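Biologist: Please take a close look at a single part of this model, the chain that is written first, and go through it in one connected account. I would like to follow how its pieces are arranged and what they touch.

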Amino acid sequence: MENKDDNYYIGKVLEGQTNYFSYIVERYQNIVFSIALKVLRNREDAEEMAQESFVKAYKSLHTFQGKAKFSTWLYRITYNTCISETRKKKQHFASTDEVQISDEAEEMNLDGIPEENREKVVKAALEKLPEDEYTLIVLYYFEDQSVEEISKVTGLTESNTKVKLHRARKKLYTILNEMLKEDLYTIL
Amino acid sequence: MKTFEEDKELRQLLKSVKPESPGPGFSARVMNRIFAEQPALEQVKQSPVLGKGFWIILALFAVLFAAVALVSGGGSASEQTPALLQQVNTDAVLTGYRAFFEKIANLPAGIAGIFMGASLLVLLEKFLYSGKHAIS
């Protein structure tokens, strides 16, 4: 795979070399699929909507002005496509808002999570976050998107994004803490 | 207490986790869909947003507007006929022209408004219909 920046591939696609769009798909398919999976909670629907998001992005590529990062633009398309799909299907998922955020959770040492099942634990904890908070956490910590970029993806104001990020992070710590306690009890 | 911006440990931890990935061949499936839709997309790109019909309706509307402006401007129609037309034997045309606009002039303003409004709506519909192809 050629390792050029997004604008290079976008330029090629706009010149008519459609094949180059596959580089963009390869680069972003995991995050696009992860967001879709979190919102739709079903691998089949998530794959369908992830495909739909890429096709939509391709069709409106000529409208991408390059003012924001391409990834921000693509994630916005993905997020909106998936949210519209849940509204169309009138899906409503019970959120995990009942998680009681505890202050002590934030003080926990993340290195305390055993390395051998760290990935499993973190994935399970992320799974318990509601889709909007999951999206914020993944975009901010995993994708290194700024608060401004995330607010463009989710349609929230910047201050609201900050508040929600703060809350989502605390909630993630609380969930991790609970999971570790449960693990400890199981061992004992 | 750390702010979310300062939490480098969490960033590191999350980066160590692989995100979910779609099934194998996902990229090929996306590209197949794109290639399948491409002929339709090309057709839409090639067809002008404002079609021939739009320009015909616009031209007719402009003619109608000019005619109404000539008639309602005061004085008789013959006084306002351009000099070029006066050199031509236009008696027959003028008779028909006067008869037509006298009838139109006797119509209540509301009916004229309805005609104008309907024309505008037809024009608007035509325009929106052309635009829809380009967006979807």
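**A close look at chain A**

Modeller: Chain A is built from nine helices and has zero strands, so that its order of elements from the N terminus on reads α-α-α-α-α-α-α-α-α. Please keep in mind throughout that this is a predicted model, and that every value below is computed from it. Of the 188 residues in chain A, 38% are buried. Among the contacts of chain A with a separation of 6 or more, 68% join residues that are 24 or more positions apart.

The interior is a good place to begin. The largest nonpolar core holds 54 residues, and the ones with the most contacts inside it are A:V32, A:I35, A:A36, A:I137 and A:L172. Helix α2(A) supplies the largest share of this core, with 13 residues. At least three residues of the core come from domain 1 (6-88) of chain A, and at least three come from domain 2 (103-187) of that chain. One of the residues with the most contacts inside the core, A:V32, can be followed further: leaving aside residues up to four places away in sequence, A:V32 touches A:A50, A:S53, A:F54, A:L74 and A:T78.

Another residue of helix α2 of chain A is A:R27, and it is not buried, because its 18 C-beta neighbours inside 10 Å make A:R27 count as partly exposed. Along the sequence A:R27 and A:S71 are 44 residues apart, while their C-alpha atoms are 9.8 Å apart in space.

From here we can turn to helix α4 (residues 70-88) of chain A, whose axis comes within 8 Å of the axis of helix α8 (residues 147-154) of chain A, the two crossing at roughly 35 degrees. The crossing in which α4(A) passes α8(A) is right-handed. On the α4(A) side the residues that meet the other helix are A:T72, A:Y75, A:R76 and A:Y79, and on the α8(A) side they are A:E149, A:K152, A:V153 and A:T154. By class, the residues of this contact between α4(A) and α8(A) divide into three nonpolar, two polar and three charged. Helix α4 of chain A also contains A:N80, which counts as partly exposed because it has 15 C-beta neighbours inside 10 Å. The C-alpha atoms of A:N80 and A:T154 are separated by 8.0 Å, although the two residues are 74 residues apart along the chain.

Two loop residues deserve a careful check of the backbone. Most residues other than glycine have a negative phi. A:R41, however, is not a glycine and has a positive phi of about 60 degrees; it is found in the loop between α2 and α3 of chain A. Because it has 14 C-beta neighbours inside 10 Å, A:R41 counts as partly exposed. A:D144, likewise a residue other than glycine, has a positive phi near 55 degrees and lies in the loop between α7 and α8 of chain A. With 11 C-beta neighbours inside 10 Å, A:D144 counts as exposed, because the cut-off for that class is 12 or fewer.

Finally, chain A has a partner, and the two chains meet through 29 residues of chain A and 27 residues of chain B. On the side of chain A that touches chain B, at least two residues each come from α2 (21-40), α3 (43-59), α6 (118-127), α7 (131-142) and α9 (158-187). Of the elements on that side, α2(A) gives the most, with ten residues, and this is the helix that also gives the largest share of the core. Sorted by class, the side of chain A that touches chain B has 14 nonpolar, seven polar and eight charged residues.

As for the partner itself, chain B has seven helices and zero strands, and its elements run α-α-α-α-α-α-α from the N terminus on. Buried residues make up 6% of the 136 residues in chain B, whereas in chain A the figure is 38%.

Key. Residues numbered from 1 in each chain as written. Chains lettered and ligands numbered in written order. Predicted model: local features only at pLDDT ≥ 70, side-chain atom pairs only at ≥ 80, totals over all residues. Contact = placed C-beta atoms within 7 Å. Helix = DSSP H or I, 4+ residues; strand = E, 2+ residues; numbered from the N terminus. Nonpolar A, V, L, I, M, F, W, Y, C, P; charged D, E, K, R; others polar. Buried ≥ 20, exposed ≤ 12 C-beta atoms within 10 Å, placed from the backbone. Core = buried A, V, L, I, M, F, W, Y, C linked by C-beta atoms within 7 Å. Domains from an automatic or database assignment. Axes fitted to C-alpha atoms, helices over the stretch in contact; angles between N-to-C directions. Left-handed = near helix turned anticlockwise from the far one by under 90°.
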